[in-house]
Amino acid sequence: MRVLIIGQGYVGLTISVFAADSNQVIGFDSSKLVVDNLNRGLSHIEGISDSKIKRILADGSYKATCDTAEIGEPDIAVIAVPTPLSENREPDLAYIDSACRTLGENLRKPTLIINESTSFPGTLRNYIKPAIEKYALTKLEHLYAISPERVDPGRTDFNQKNTPRLFAGLTKEATIGTRAFYSKFCDNLVEVSSPEVAETAKLFENTFRQVNIALVNEFAQIAHSLGISVYETLDAADTKPYGFMKFTPSAGVGGHCIPVDPTYLAATAESHGAPANFIRLANEVNLEMSRYVVDRVAADNGGSLVGKKVLLVGVAYKPDVADVRETAAEQVEKHLRDRGATISWHDEVVGTWKGEKSVPMDGYDISIVITKHSSVDSKEILKSSPYVFDTTGKVPGAQGF
Ligand SMILES: NC(=O)c1ccc[n+]([C@@H]2O[C@H](COP(=O)([O-])OP(=O)(O)OC[C@H]3O[C@@H](n4cnc5c(N)ncnc54)[C@H](O)[C@@H]3O)[C@@H](O)[C@H]2O)c1
(Lines give C-alpha, C1' and ligand atoms only; values in the text may rest on other atoms or scores of the structure.)
Protein backbone atom coordinates (compact mmCIF):
# COMPACT_ATOMS: atom_id res chain seq x y z
CA MET A 1 0.00 0.00 0.00
CA ARG A 2 1.06 3.59 -0.56
CA VAL A 3 0.46 5.41 2.72
CA LEU A 4 0.51 9.16 3.28
CA ILE A 5 0.89 10.30 6.89
CA ILE A 6 0.12 13.96 7.54
CA GLY A 7 2.12 15.23 10.52
CA GLN A 8 5.48 13.69 11.47
CA GLY A 9 5.44 14.38 15.20
CA TYR A 10 5.11 11.97 18.12
CA VAL A 11 2.12 10.19 16.61
CA GLY A 12 2.70 10.51 12.86
CA LEU A 13 6.37 9.51 12.91
CA THR A 14 5.67 6.54 15.18
CA ILE A 15 2.98 5.28 12.81
CA SER A 16 5.20 5.98 9.80
CA VAL A 17 7.98 3.83 11.19
CA PHE A 18 5.70 0.89 11.95
CA ALA A 19 3.73 1.22 8.69
CA ALA A 20 6.96 1.40 6.63
CA ASP A 21 7.70 -2.24 7.44
CA SER A 22 4.84 -3.32 5.18
CA ASN A 23 3.99 -0.23 3.09
CA GLN A 24 5.46 2.59 1.04
CA VAL A 25 5.17 5.62 3.36
CA ILE A 26 5.27 9.33 2.57
CA GLY A 27 5.57 11.37 5.78
CA PHE A 28 4.16 14.80 5.04
CA ASP A 29 4.90 17.63 7.47
CA SER A 30 4.50 21.39 7.17
CA SER A 31 7.79 21.94 9.01
CA LYS A 32 10.76 22.01 6.64
CA LEU A 33 13.13 21.54 9.57
CA VAL A 34 11.36 18.33 10.64
CA VAL A 35 11.34 17.04 7.06
CA ASP A 36 14.99 17.89 6.38
CA ASN A 37 16.14 16.21 9.57
CA LEU A 38 14.07 13.09 8.91
CA ASN A 39 15.44 12.79 5.39
CA ARG A 40 18.93 13.00 6.90
CA GLY A 41 17.99 10.11 9.19
CA LEU A 42 17.64 12.21 12.34
CA SER A 43 14.73 11.38 14.63
CA HIS A 44 13.24 14.05 16.89
CA ILE A 45 11.08 11.57 18.85
CA GLU A 46 12.13 9.59 21.90
CA GLY A 47 11.83 5.88 21.26
CA ILE A 48 12.43 6.20 17.51
CA SER A 49 16.10 5.82 16.77
CA ASP A 50 18.08 7.49 14.01
CA SER A 51 19.12 4.04 12.84
CA LYS A 52 15.47 3.03 12.38
CA ILE A 53 14.81 6.12 10.25
CA LYS A 54 17.99 5.53 8.28
CA ARG A 55 16.98 1.92 7.61
CA ILE A 56 13.56 2.78 6.17
CA LEU A 57 15.04 5.65 4.16
CA ALA A 58 17.68 3.33 2.76
CA ASP A 59 15.27 0.56 1.77
CA GLY A 60 13.05 3.13 0.07
CA SER A 61 9.95 2.44 2.20
CA TYR A 62 9.91 5.94 3.72
CA LYS A 63 10.42 9.50 2.64
CA ALA A 64 9.54 12.75 4.40
CA THR A 65 8.32 15.77 2.48
CA CYS A 66 6.69 19.16 2.84
CA ASP A 67 5.97 19.36 -0.87
CA THR A 68 2.39 18.52 -1.84
CA ALA A 69 3.65 17.54 -5.32
CA GLU A 70 5.19 14.45 -3.69
CA ILE A 71 1.93 13.24 -2.18
CA GLY A 72 1.25 11.15 -5.28
CA GLU A 73 -1.73 8.79 -5.22
CA PRO A 74 -1.84 7.14 -1.79
CA ASP A 75 -4.21 4.27 -0.99
CA ILE A 76 -4.39 5.36 2.64
CA ALA A 77 -3.96 8.77 4.26
CA VAL A 78 -3.51 9.12 8.02
CA ILE A 79 -4.09 12.45 9.80
CA ALA A 80 -1.78 12.96 12.82
CA VAL A 81 -1.69 16.70 13.45
CA PRO A 82 -2.03 18.67 16.70
CA THR A 83 -5.44 19.34 18.25
CA PRO A 84 -4.62 22.00 20.85
CA LEU A 85 -6.76 24.47 22.77
CA SER A 86 -7.26 28.01 21.54
CA GLU A 87 -6.27 31.03 23.65
CA ASN A 88 -9.61 30.92 25.45
CA ARG A 89 -9.05 27.18 26.07
CA GLU A 90 -11.57 25.90 23.53
CA PRO A 91 -10.97 23.06 20.99
CA ASP A 92 -8.92 24.37 18.07
CA LEU A 93 -9.24 22.38 14.83
CA ALA A 94 -7.08 24.72 12.71
CA TYR A 95 -4.41 22.03 12.09
CA ILE A 96 -7.06 19.45 11.23
CA ASP A 97 -8.59 21.94 8.83
CA SER A 98 -5.23 22.53 7.19
CA ALA A 99 -4.61 18.76 6.88
CA CYS A 100 -8.07 18.41 5.29
CA ARG A 101 -7.16 21.14 2.82
CA THR A 102 -3.95 19.29 1.88
CA LEU A 103 -5.95 16.09 1.35
CA GLY A 104 -8.85 17.75 -0.47
CA GLU A 105 -6.61 19.64 -2.85
CA ASN A 106 -4.16 16.83 -3.57
CA LEU A 107 -5.90 13.46 -3.51
CA ARG A 108 -6.58 12.29 -7.06
CA LYS A 109 -8.37 9.00 -6.40
CA PRO A 110 -10.65 7.54 -3.70
CA THR A 111 -8.54 7.03 -0.57
CA LEU A 112 -9.06 5.52 2.86
CA ILE A 113 -8.63 8.51 5.20
CA ILE A 114 -7.96 7.62 8.85
CA ASN A 115 -7.88 10.22 11.60
CA GLU A 116 -5.50 9.51 14.51
CA SER A 117 -5.61 12.99 16.01
CA THR A 118 -7.56 13.26 19.24
CA SER A 119 -10.74 15.28 18.91
CA PHE A 120 -14.33 15.53 20.05
CA PRO A 121 -17.02 13.03 19.00
CA GLY A 122 -18.36 13.78 15.56
CA THR A 123 -15.08 15.23 14.24
CA LEU A 124 -14.67 12.57 11.56
CA ARG A 125 -18.28 12.62 10.40
CA ASN A 126 -19.18 16.28 10.80
CA TYR A 127 -15.87 18.06 10.34
CA ILE A 128 -13.18 16.07 8.52
CA LYS A 129 -15.36 14.54 5.79
CA PRO A 130 -17.17 17.80 4.94
CA ALA A 131 -13.91 19.78 5.06
CA ILE A 132 -12.12 17.42 2.65
CA GLU A 133 -15.14 17.50 0.34
CA LYS A 134 -15.20 21.29 0.53
CA TYR A 135 -11.52 21.60 -0.46
CA ALA A 136 -11.65 18.86 -3.11
CA LEU A 137 -11.02 19.98 -6.66
CA THR A 138 -12.93 16.99 -8.02
CA LYS A 139 -15.63 14.92 -6.30
CA LEU A 140 -14.15 11.66 -4.99
CA GLU A 141 -15.78 8.95 -2.87
CA HIS A 142 -13.20 8.60 -0.10
CA LEU A 143 -13.55 6.15 2.79
CA TYR A 144 -13.33 7.62 6.30
CA ALA A 145 -12.28 6.00 9.58
CA ILE A 146 -10.96 6.88 13.00
CA SER A 147 -8.34 5.13 15.09
CA PRO A 148 -7.37 7.31 18.03
CA GLU A 149 -3.71 7.09 18.95
CA ARG A 150 -2.68 5.83 22.39
CA VAL A 151 1.11 6.09 22.06
CA ASP A 152 2.87 7.02 25.30
CA PRO A 153 6.18 8.60 24.19
CA GLY A 154 9.22 7.28 26.01
CA ARG A 155 7.42 4.13 27.15
CA THR A 156 9.09 0.85 26.35
CA ASP A 157 6.68 -1.81 27.67
CA PHE A 158 3.75 -0.73 25.46
CA ASN A 159 4.11 0.21 21.80
CA GLN A 160 2.17 0.14 18.53
CA LYS A 161 2.35 -3.65 18.44
CA ASN A 162 1.01 -4.58 21.86
CA THR A 163 -1.27 -1.63 22.71
CA PRO A 164 -4.87 -2.47 21.79
CA ARG A 165 -6.13 -0.07 19.14
CA LEU A 166 -9.72 1.16 18.83
CA PHE A 167 -11.09 1.79 15.37
CA ALA A 168 -14.31 2.35 13.42
CA GLY A 169 -15.17 3.38 9.89
CA LEU A 170 -17.96 5.62 8.68
CA THR A 171 -18.83 2.70 6.38
CA LYS A 172 -18.26 -1.06 6.48
CA GLU A 173 -15.70 -0.79 3.68
CA ALA A 174 -13.74 1.83 5.62
CA THR A 175 -13.78 -0.40 8.71
CA ILE A 176 -12.46 -3.38 6.73
CA GLY A 177 -9.69 -1.30 5.13
CA THR A 178 -8.67 0.14 8.50
CA ARG A 179 -8.45 -3.30 10.10
CA ALA A 180 -6.30 -4.52 7.20
CA PHE A 181 -3.94 -1.54 7.52
CA TYR A 182 -3.33 -1.75 11.28
CA SER A 183 -3.34 -5.54 11.52
CA LYS A 184 0.12 -5.55 9.89
CA PHE A 185 1.67 -3.90 12.94
CA CYS A 186 -0.84 -4.06 15.80
CA ASP A 187 -1.76 -7.35 17.51
CA ASN A 188 -5.03 -6.30 19.12
CA LEU A 189 -7.57 -4.35 17.09
CA VAL A 190 -10.80 -3.43 18.84
CA GLU A 191 -13.60 -2.54 16.46
CA VAL A 192 -16.32 -0.33 17.95
CA SER A 193 -19.74 0.38 16.50
CA SER A 194 -19.18 3.99 15.38
CA PRO A 195 -16.44 6.59 14.98
CA GLU A 196 -18.12 8.59 17.75
CA VAL A 197 -17.57 5.72 20.25
CA ALA A 198 -13.86 5.56 19.35
CA GLU A 199 -13.47 9.35 19.53
CA THR A 200 -15.26 9.55 22.89
CA ALA A 201 -13.43 6.56 24.40
CA LYS A 202 -10.12 8.27 23.70
CA LEU A 203 -11.32 11.44 25.44
CA PHE A 204 -12.70 9.48 28.37
CA GLU A 205 -9.43 7.58 28.88
CA ASN A 206 -7.55 10.83 29.31
CA THR A 207 -10.33 12.42 31.35
CA PHE A 208 -10.11 9.45 33.74
CA ARG A 209 -6.44 10.26 34.27
CA GLN A 210 -7.07 13.99 34.58
CA VAL A 211 -9.77 13.56 37.23
CA ASN A 212 -7.75 11.04 39.26
CA ILE A 213 -4.65 13.24 39.10
CA ALA A 214 -6.74 16.18 40.34
CA LEU A 215 -8.10 14.02 43.16
CA VAL A 216 -4.64 12.99 44.32
CA ASN A 217 -3.39 16.57 43.97
CA GLU A 218 -6.18 17.73 46.25
CA PHE A 219 -5.50 14.81 48.56
CA ALA A 220 -1.83 15.86 48.84
CA GLN A 221 -3.05 19.17 50.25
CA ILE A 222 -5.41 17.40 52.66
CA ALA A 223 -2.65 15.04 53.87
CA HIS A 224 -0.28 17.96 54.47
CA SER A 225 -2.94 19.81 56.49
CA LEU A 226 -3.36 16.64 58.60
CA GLY A 227 0.39 16.35 59.12
CA ILE A 228 0.58 12.90 57.52
CA SER A 229 2.65 11.65 54.59
CA VAL A 230 0.66 11.59 51.36
CA TYR A 231 2.99 8.95 49.90
CA GLU A 232 2.73 6.61 52.89
CA THR A 233 -1.05 7.05 52.89
CA LEU A 234 -1.30 6.29 49.17
CA ASP A 235 0.93 3.23 49.57
CA ALA A 236 -1.30 2.08 52.42
CA ALA A 237 -4.45 2.50 50.32
CA ASP A 238 -2.73 0.73 47.43
CA THR A 239 -2.48 -2.50 49.44
CA LYS A 240 -6.19 -3.00 48.71
CA PRO A 241 -6.14 -5.57 45.92
CA TYR A 242 -9.25 -4.28 44.11
CA GLY A 243 -11.17 -1.04 43.53
CA PHE A 244 -8.17 1.26 43.94
CA MET A 245 -5.67 2.62 41.44
CA LYS A 246 -2.74 4.66 42.69
CA PHE A 247 -1.99 8.08 41.22
CA THR A 248 0.70 10.37 42.63
CA PRO A 249 0.65 14.14 43.21
CA SER A 250 2.55 16.58 41.02
CA ALA A 251 2.97 20.27 40.23
CA GLY A 252 0.17 19.91 37.68
CA VAL A 253 -0.47 18.05 34.45
CA GLY A 254 1.38 18.62 31.20
CA GLY A 255 1.74 17.30 27.70
CA HIS A 256 -0.52 17.38 24.71
CA CYS A 257 -3.17 15.06 26.13
CA ILE A 258 -4.23 15.26 29.79
CA PRO A 259 -4.54 19.06 30.08
CA VAL A 260 -6.21 19.29 26.66
CA ASP A 261 -8.38 16.28 25.79
CA PRO A 262 -10.81 16.55 28.75
CA THR A 263 -11.66 20.07 27.61
CA TYR A 264 -12.67 18.63 24.23
CA LEU A 265 -15.05 16.30 26.08
CA ALA A 266 -16.34 19.10 28.33
CA ALA A 267 -16.97 21.42 25.38
CA THR A 268 -18.93 18.70 23.57
CA ALA A 269 -20.91 17.82 26.71
CA GLU A 270 -21.87 21.43 27.29
CA SER A 271 -22.82 21.96 23.66
CA HIS A 272 -25.26 19.04 24.12
CA GLY A 273 -26.63 20.50 27.37
CA ALA A 274 -24.91 17.80 29.48
CA PRO A 275 -22.90 18.66 32.61
CA ALA A 276 -19.10 18.67 32.64
CA ASN A 277 -18.63 19.94 36.21
CA PHE A 278 -16.22 17.23 37.23
CA ILE A 279 -13.98 17.76 34.23
CA ARG A 280 -13.91 21.55 34.60
CA LEU A 281 -13.19 21.29 38.34
CA ALA A 282 -10.40 18.74 37.83
CA ASN A 283 -8.79 21.07 35.33
CA GLU A 284 -8.90 23.93 37.85
CA VAL A 285 -7.46 21.81 40.67
CA ASN A 286 -4.58 20.68 38.46
CA LEU A 287 -3.86 24.21 37.24
CA GLU A 288 -3.90 25.52 40.83
CA MET A 289 -1.32 22.95 41.96
CA SER A 290 1.52 25.17 40.71
CA ARG A 291 0.33 27.98 42.99
CA TYR A 292 0.08 25.55 45.92
CA VAL A 293 3.67 24.40 45.34
CA VAL A 294 4.94 27.98 45.29
CA ASP A 295 2.88 28.78 48.44
CA ARG A 296 4.49 25.83 50.22
CA VAL A 297 7.98 26.85 49.09
CA ALA A 298 7.38 30.45 50.22
CA ALA A 299 6.01 29.31 53.58
CA ASP A 300 9.13 27.16 54.17
CA ASN A 301 11.36 30.11 53.28
CA GLY A 302 10.13 32.79 55.64
CA GLY A 303 7.06 33.77 53.60
CA SER A 304 8.81 35.81 50.90
CA LEU A 305 10.54 34.78 47.70
CA VAL A 306 11.62 38.30 46.72
CA GLY A 307 15.16 38.22 45.37
CA LYS A 308 15.53 34.45 45.89
CA LYS A 309 17.49 32.57 43.23
CA VAL A 310 15.25 29.62 42.33
CA LEU A 311 16.23 26.66 40.16
CA LEU A 312 13.54 24.59 38.43
CA VAL A 313 14.80 21.05 37.96
CA GLY A 314 13.17 19.24 35.01
CA VAL A 315 10.94 21.35 32.77
CA ALA A 316 9.70 18.56 30.48
CA TYR A 317 6.12 17.57 31.19
CA LYS A 318 7.16 14.06 32.19
CA PRO A 319 10.35 12.05 32.81
CA ASP A 320 12.68 11.06 29.99
CA VAL A 321 11.00 13.03 27.22
CA ALA A 322 11.97 16.43 25.79
CA ASP A 323 8.35 17.53 25.36
CA VAL A 324 7.53 20.80 27.18
CA ARG A 325 3.99 21.31 25.89
CA GLU A 326 1.68 22.52 28.68
CA THR A 327 4.41 21.72 31.22
CA ALA A 328 3.61 22.55 34.84
CA ALA A 329 7.04 24.22 34.98
CA GLU A 330 5.54 27.12 33.03
CA GLN A 331 2.91 27.83 35.71
CA VAL A 332 5.35 27.36 38.58
CA GLU A 333 7.74 29.78 36.90
CA LYS A 334 4.95 32.35 36.49
CA HIS A 335 3.96 32.21 40.18
CA LEU A 336 7.60 32.46 41.26
CA ARG A 337 8.15 35.47 39.05
CA ASP A 338 4.99 37.13 40.40
CA ARG A 339 6.54 36.81 43.86
CA GLY A 340 9.81 38.47 42.92
CA ALA A 341 12.06 35.40 42.58
CA THR A 342 14.69 35.09 39.85
CA ILE A 343 14.30 31.80 38.01
CA SER A 344 16.75 29.51 36.23
CA TRP A 345 16.15 25.98 35.04
CA HIS A 346 18.03 22.76 34.51
CA ASP A 347 16.93 20.05 32.07
CA GLU A 348 19.54 18.45 29.85
CA VAL A 349 16.90 16.29 28.17
CA VAL A 350 15.00 19.40 27.00
CA GLY A 351 18.21 21.39 26.36
CA THR A 352 16.61 24.63 25.13
CA TRP A 353 13.38 26.07 26.49
CA LYS A 354 11.85 29.44 25.59
CA GLY A 355 15.06 30.46 23.83
CA GLU A 356 17.28 29.72 26.85
CA LYS A 357 19.67 26.87 27.51
CA SER A 358 19.63 24.53 30.52
CA VAL A 359 22.01 25.78 33.26
CA PRO A 360 24.17 23.70 35.65
CA MET A 361 22.60 22.69 38.99
CA ASP A 362 24.72 24.76 41.35
CA GLY A 363 24.53 27.83 43.56
CA TYR A 364 20.82 28.51 44.14
CA ASP A 365 18.77 29.48 47.21
CA ILE A 366 15.90 27.16 46.35
CA SER A 367 15.43 24.24 43.95
CA ILE A 368 12.03 22.92 42.90
CA VAL A 369 11.90 19.55 41.16
CA ILE A 370 9.09 19.53 38.61
CA THR A 371 10.17 16.46 36.61
CA LYS A 372 12.84 13.95 37.52
CA HIS A 373 14.48 12.38 34.48
CA SER A 374 16.11 9.03 35.21
CA SER A 375 19.50 10.44 34.13
CA VAL A 376 19.44 13.11 36.87
CA ASP A 377 21.09 12.10 40.13
CA SER A 378 19.10 12.87 43.30
CA LYS A 379 22.31 13.66 45.19
CA GLU A 380 23.21 16.32 42.60
CA ILE A 381 19.76 17.84 43.00
CA LEU A 382 20.17 17.97 46.79
CA LYS A 383 23.52 19.75 46.35
CA SER A 384 22.03 22.42 44.03
CA SER A 385 20.69 24.55 46.91
CA PRO A 386 20.15 24.42 50.69
CA TYR A 387 16.38 23.97 50.21
CA VAL A 388 14.90 21.50 47.69
CA PHE A 389 11.16 20.99 47.20
CA ASP A 390 10.44 17.84 45.22
CA THR A 391 7.02 17.60 43.55
CA THR A 392 7.76 14.12 42.18
CA GLY A 393 8.33 12.11 45.36
CA LYS A 394 11.51 10.70 43.80
CA VAL A 395 14.22 12.67 45.58
CA PRO A 396 14.81 11.17 49.02
CA GLY A 397 15.79 13.79 51.57
CA ALA A 398 14.07 16.72 49.83
CA GLN A 399 11.02 18.59 51.12
CA GLY A 400 7.81 17.68 49.32
CA PHE A 401 4.08 17.21 49.51
N1 LIG B 1 2.00 12.97 21.73
C2 LIG B 1 1.26 12.02 22.29
O3 LIG B 1 1.68 11.37 23.23
C4 LIG B 1 -0.12 11.70 21.75
C5 LIG B 1 -0.72 10.50 22.16
C6 LIG B 1 -1.97 10.17 21.67
C7 LIG B 1 -2.62 11.06 20.83
N8 LIG B 1 -2.03 12.24 20.47
C9 LIG B 1 -2.75 13.11 19.55
O10 LIG B 1 -2.17 12.99 18.26
C11 LIG B 1 -2.24 14.23 17.55
C12 LIG B 1 -0.85 14.64 17.11
O13 LIG B 1 -0.06 14.88 18.27
P14 LIG B 1 1.52 14.81 18.25
O15 LIG B 1 1.93 14.70 19.67
O16 LIG B 1 2.00 13.84 17.26
O17 LIG B 1 1.86 16.28 17.72
P18 LIG B 1 3.30 16.86 17.34
O19 LIG B 1 3.25 18.30 17.62
O20 LIG B 1 4.37 16.03 17.94
O21 LIG B 1 3.38 16.64 15.77
C22 LIG B 1 2.52 17.22 14.89
C23 LIG B 1 3.27 17.46 13.59
O24 LIG B 1 2.31 17.87 12.64
C25 LIG B 1 2.88 18.88 11.85
N26 LIG B 1 1.77 19.62 11.25
C27 LIG B 1 0.91 20.49 11.82
N28 LIG B 1 -0.02 20.87 10.95
C29 LIG B 1 0.25 20.23 9.80
C30 LIG B 1 -0.36 20.20 8.54
N31 LIG B 1 -1.45 20.91 8.28
N32 LIG B 1 0.21 19.47 7.56
C33 LIG B 1 1.31 18.74 7.82
N34 LIG B 1 1.92 18.71 8.99
C35 LIG B 1 1.40 19.44 9.98
C36 LIG B 1 3.76 19.65 12.79
O37 LIG B 1 4.78 20.35 12.10
C38 LIG B 1 4.31 18.54 13.68
O39 LIG B 1 5.54 18.04 13.19
C40 LIG B 1 -2.91 15.19 18.50
O41 LIG B 1 -4.28 15.19 18.26
C42 LIG B 1 -2.65 14.59 19.86
O43 LIG B 1 -3.61 14.96 20.82
C44 LIG B 1 -0.78 12.55 20.90
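Student: Which residues come nearest to the ligand, and what makes a residue part of the group around the ligand?

Tutor: Val11, Asp29, Thr83, Ser98 and Thr118 come nearest, out of 26 residues around the ligand. A residue is near a molecule if one of its heavy atoms lies within 4 Å of it. Bear in mind that this is a predicted model, where local features need pLDDT of at least 70, side-chain atom pairs count only at pLDDT 80 or more, and totals for chains, interfaces and linings use all residues. Residues are numbered from 1 along each chain as its sequence is written, and side-chain values use heavy atoms, with hydrogens and water left out.

Student: What makes the pair between Thr118 and the ligand a polar contact?

Tutor: The cut-off is a pair of N or O atoms within 3.5 Å; within protein, one must be able to donate a hydrogen and the other to accept it, and residues adjacent in sequence count only if both atoms are side-chain atoms. A backbone N or O atom of Thr118 sits 2.9 Å from a ligand oxygen atom, so the pair meets that limit. For Tyr10, a backbone N or O atom is 3.0 Å from an oxygen atom of the ligand.

Student: Why is Asn88 called exposed?

Tutor: Buried means under 20% relative accessible area, exposed over 50%, and partly exposed in between (1.4 Å probe, protein chains only). Asn88 has 58% relative accessibility, so Asn88 counts as exposed.

Student: What joins the side chains of Asn88 and Ser86?

Tutor: A polar contact of 2.6 Å does. As for Glu73, its C-alpha atom is 39 Å from that of Asn88, with the two 15 residues apart along the chain.
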